[in-house]
There are 4 protein chains.
Amino acid sequence: MNPRFKQIAKLFQKLPGVGPRQAARFVIALMDRPEEELHELGMAIKNLKKEIGFCKTCFNISDLPAMPAHAGQTGNGTCTICHDQKRDKSKILVVEKVTDLDSIEKTGLYKGLYHVLGGAINPIDGYTPEKLKITELQYRIVTALKNSPELELIIATNPSTTGDTTSLYLRELFQNKKGVVLTRLARGLASGSNLEYADEITLKHALEYRK
Amino acid sequence: MNPRFKQIAKLFQKLPGVGPRQAARFVIALMDRPEEELHELGMAIKNLKKEIGFCKTCFNISDLPAMPAHAGQTGNGTCTICHDQKRDKSKILVVEKVTDLDSIEKTGLYKGLYHVLGGAINPIDGYTPEKLKITELQYRIVTALKNSPELELIIATNPSTTGDTTSLYLRELFQNKKGVVLTRLARGLASGSNLEYADEITLKHALEYRK
Amino acid sequence: MNPRFKQIAKLFQKLPGVGPRQAARFVIALMDRPEEELHELGMAIKNLKKEIGFCKTCFNISDLPAMPAHAGQTGNGTCTICHDQKRDKSKILVVEKVTDLDSIEKTGLYKGLYHVLGGAINPIDGYTPEKLKITELQYRIVTALKNSPELELIIATNPSTTGDTTSLYLRELFQNKKGVVLTRLARGLASGSNLEYADEITLKHALEYRK
Amino acid sequence: MNPRFKQIAKLFQKLPGVGPRQAARFVIALMDRPEEELHELGMAIKNLKKEIGFCKTCFNISDLPAMPAHAGQTGNGTCTICHDQKRDKSKILVVEKVTDLDSIEKTGLYKGLYHVLGGAINPIDGYTPEKLKITELQYRIVTALKNSPELELIIATNPSTTGDTTSLYLRELFQNKKGVVLTRLARGLASGSNLEYADEITLKHALEYRK
């Protein structure tokens, strides 16, 4: 393969889940695209951080606080969800990543607020609690309890080892906090699954969360 | 293929999930087995219903009530679970099939009793409520409430359309029954799954059953 | 679970690919079957070796040579394929198992004869060449060459390590035999597969067998 | 979601095989990258067509013919393979896409030349023969036959409907061309597969390509 081609393909491998083959396919596909499109995508990537940022309250994606043109839209770097007066402010659902928030938002079933931690506790990879937006969550909770007598904190970290560690950490931090009700997304049987083939851990959770 | 071979293979196709190919493989494999083994398996199948039966209380597998040699073991056609004095008699977990009971029993986490319906309500296939052991369940509940002020009925039908129909039917039947607490095995996120890729229905259940 | 139930289920685990769960399902399913069916299946298994045997020429399934009632049908313990005068006697396709023969026979594309080895060479599991029907194959070839100037021996052992070993062994045995043309089923790209994702070994074979 | 975020994510959906979710993940991941990296990737995409092109002979990826700085390297817009004097010029392997070429090149087993068609014949999607580099292939063959008495044309289009159509088209075009030997990559059993479970079409090809 051409050396410059390889270099460019390597840049694409930094995208999450993209290996050398998919990266090569991306470059080859882009070579068939019109010039304007390459220009548009290239400039969007180059200027990414000048155009979008994270919500200063919940760390969801938002417009940039400093951009005057966009400021009027959601107000001072707050995301559309935090800015929406109709959302139930007595509920905060805590997720690891923006894409998790997005999954739940797409169900249309949750009407409260969110908090994006920016990952899960995983000391081996350097994700200690200080790296996550946990202090910011503590601060939000203190503020929220001034306006609302009770606050449900729904822990929605992933059903994985690191998600469980994070969940336990948050439980210890907030379980004695007056006014905070801690819940966690249920684990159990998947829809369409079969009791007969369910593994032991799933059955254990299905029994525990039964109601 | 040899016609007698085909005939025999066809008999094996009546086993659940066994297609023509697997049936042929079974016969070919048996042809390599020693005579005694074929004799033993053949006789066990031929006499199956003379040797084992269903528990007259919960419809789990049991020894046959009429067999004097076995009767002493579990007592009058009752299965080992119903016969065990240490099981918690204030809980009945309702499953569709013996294999479902077996799955839960293998977790070692449930210490109550069971009730095997013998299937799920599915009118298209002729599985009307009368075909299932529901009258027997009603009778058991009435009897159980005489000895225990409260009885938890844990509905553990499959998380499928027919399992849901059966669950709804049982709820309507027992929800106003004094002393009966109805619960259902939780649905939710599978262990090791990822919030980001969870489907809408799973997230809906994970929110509903949260605690 | 009931001890006699467990014993019977264990007998079913001797069927190829049947684990404890499937075995239990088989027994439970049989308990719902009518008595006559259990009798029929049980007797067929018990008498299996009295009713069917292997072809004395190619080791395919056949009627038993000693059974007078069936003898007229295919003649002296020969299978229907060996007995069929329309088959091309200048081709012998060598397979590991009767089920492999059956797969090829179902395509309807092959009109020659077969030879079932009864396995593949695998010294670790005790499958040495003497355990397979290789001496019988040598004898057949000598006899066949008396009637036909040329004989194609199509090696159709599995594309696996043991299948490859067996193939090599047969090649060494017959490659200098005058009149014998050795071929092997092609390896290559699977229909509907994609060159881009094909592994190296598949591409190697696809190049080798190209024509 | 933020509208500008959505717009940018949409640009990524133009990459092959990237859906809305993966596109969103890409943008979120890029937001965590340092500015320099975004600048580098953005500029590489923006200037893609100024930096790399397609080989004027075989349509593999190459440096741009017009770029003086690179020209010395592979010579006038020819790719490294066409430029390599050690490659066997009496073989042309015809593939649909650059990524297919790359797969075969990675095996290290093929030492001839390539020809990238740029797709397969698929009239429904507008891929008529004229859209592919077939005229260019005809021209190459005429030229090649001047230097070499015989030329093997190895058709390596995909084992799919459109790949088969393209293969047939090329066969008709070149089968009476003196000096051209047409072959096609073999189809057959995949390594590690099992004869017993092979589908009919695979067995058909395995018989056809046997040797």
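Here a trainee and a mentor talk through a predicted model, asking how each description of it is reached.

Trainee: Let's start with the sheet in chain D. What makes its four strands an open sheet, and in which order do they lie?

Mentor: The strands follow the order β4-β3-β5-β6 in chain D, and the pairing is parallel. At the edges are β4 (112-116) and β6 of chain D, each of which pairs on one side only. From one strand to the next, the twist averages 25 degrees.

Trainee: How do you know that β3 and β5 of chain D pair?

Mentor: Two strands count as paired when at least two bridges are found between them. Strand β3 (residues 88-95) and strand β5 (residues 151-155) of chain D have four bridges, in the parallel sense, so they meet that cut-off. You can look for L93(D), which stands opposite I154(D) of β5(D).

Trainee: And what holds strands of a sheet together in general?

Mentor: Strands of a sheet pair through backbone hydrogen bonds, in either a parallel or an antiparallel way.

Trainee: Which helices of chain D lie on this sheet?

Mentor: Helix α8 (residues 134-147) of chain D packs on the sheet and touches β3, β4, β5 and β6 of chain D. Its direction makes about 165 degrees with that of β3(D). Angles here run from 0 to 180 degrees between N-to-C directions. Helix α9 (residues 161-174) of chain D lies across β3, β5 and β6 of chain D, at about 165 degrees to β6(D).

Trainee: Just after α8 comes S148(D). Where does S148(D) sit, and why is it called partly exposed?

Mentor: S148(D) is in the loop between α8 and β5 of chain D. A residue is buried with 20 or more other C-beta atoms within 10 Å, and exposed with 12 or fewer. S148(D) has 14, which falls in between, so partly exposed is the right term.

Trainee: Which residues does S148(D) contact, leaving aside its neighbours within four places in sequence?

Mentor: They are K89(D) and S90(D). In sequence, S148(D) and K89(D) are 59 residues apart, yet their C-alpha atoms are 8.0 Å apart in space.

Trainee: Now chain B. Why is strand β4 of chain B described as largely enclosed?

Mentor: Four of the five residues of β4 (residues 112-116) of chain B are buried, so the rest of the structure largely encloses this strand.

Trainee: What is the partner strand, and how do you know that the two pair?

Mentor: The partner is strand β3 (residues 88-95) of chain B, which pairs with β4(B) in the parallel sense over five bridges. With a cut-off of at least two bridges, this counts as a pair. V95(B) and V116(B), the latter in β4(B), stand opposite each other.

Trainee: How does the chain get from β3(B) to β4(B)?

Mentor: It passes through helix α7 (residues 98-107) of chain B, and this β-α-β crossover is right-handed. The term applies because, with the strands pointing away from you, the path over the helix runs clockwise.

Trainee: Let's turn to how the chains meet. What makes up the contact of chain D with chain C?

Mentor: Each chain gives 41 residues. On the side of chain D, the elements giving two or more residues are α7 (98-107), β6 (180-184) and α10 (200-208). The largest share, eight residues, comes from α10(D). By class, the side of chain D has 18 nonpolar, 13 polar and ten charged residues.

Trainee: How do you know that chains C and D are related as by a two-fold axis?

Mentor: Chain D superposes on chain C by a rotation of 180 degrees with 0.1 Å of shift along the axis, at an RMSD of 0.1 Å. The two copies are thus related as by a two-fold rotation axis. In chain D, G188(D) comes closest to the axis, with its C-alpha at 2.2 Å.

Trainee: Why do we say that these copies meet through the same surface?

Mentor: We say so because 100% of the interface residues of chain D are also interface residues in chain C.

Trainee: What about chains A and B?

Mentor: A rotation of 180 degrees with 0.1 Å of shift superposes chain A on chain B, at an RMSD of 0.1 Å. Their contact takes 41 residues from each chain, and α10(A) gives the most to the side of chain A, eight residues.

Trainee: Which chains do not touch?

Mentor: Chain A and chain C do not touch, their nearest C-alpha atoms being 9 Å apart. No contact joins chain B and chain D either, with closest C-alpha atoms 9 Å apart.

Conventions: Residues numbered from 1 in each chain as written. Chains lettered and ligands numbered in written order. Predicted model: local features only at pLDDT ≥ 70, side-chain atom pairs only at ≥ 80, totals over all residues. Contact = placed C-beta atoms within 7 Å. Nonpolar A, V, L, I, M, F, W, Y, C, P; charged D, E, K, R; others polar. Least-squares fit on C-alpha atoms with pLDDT ≥ 70 in both.
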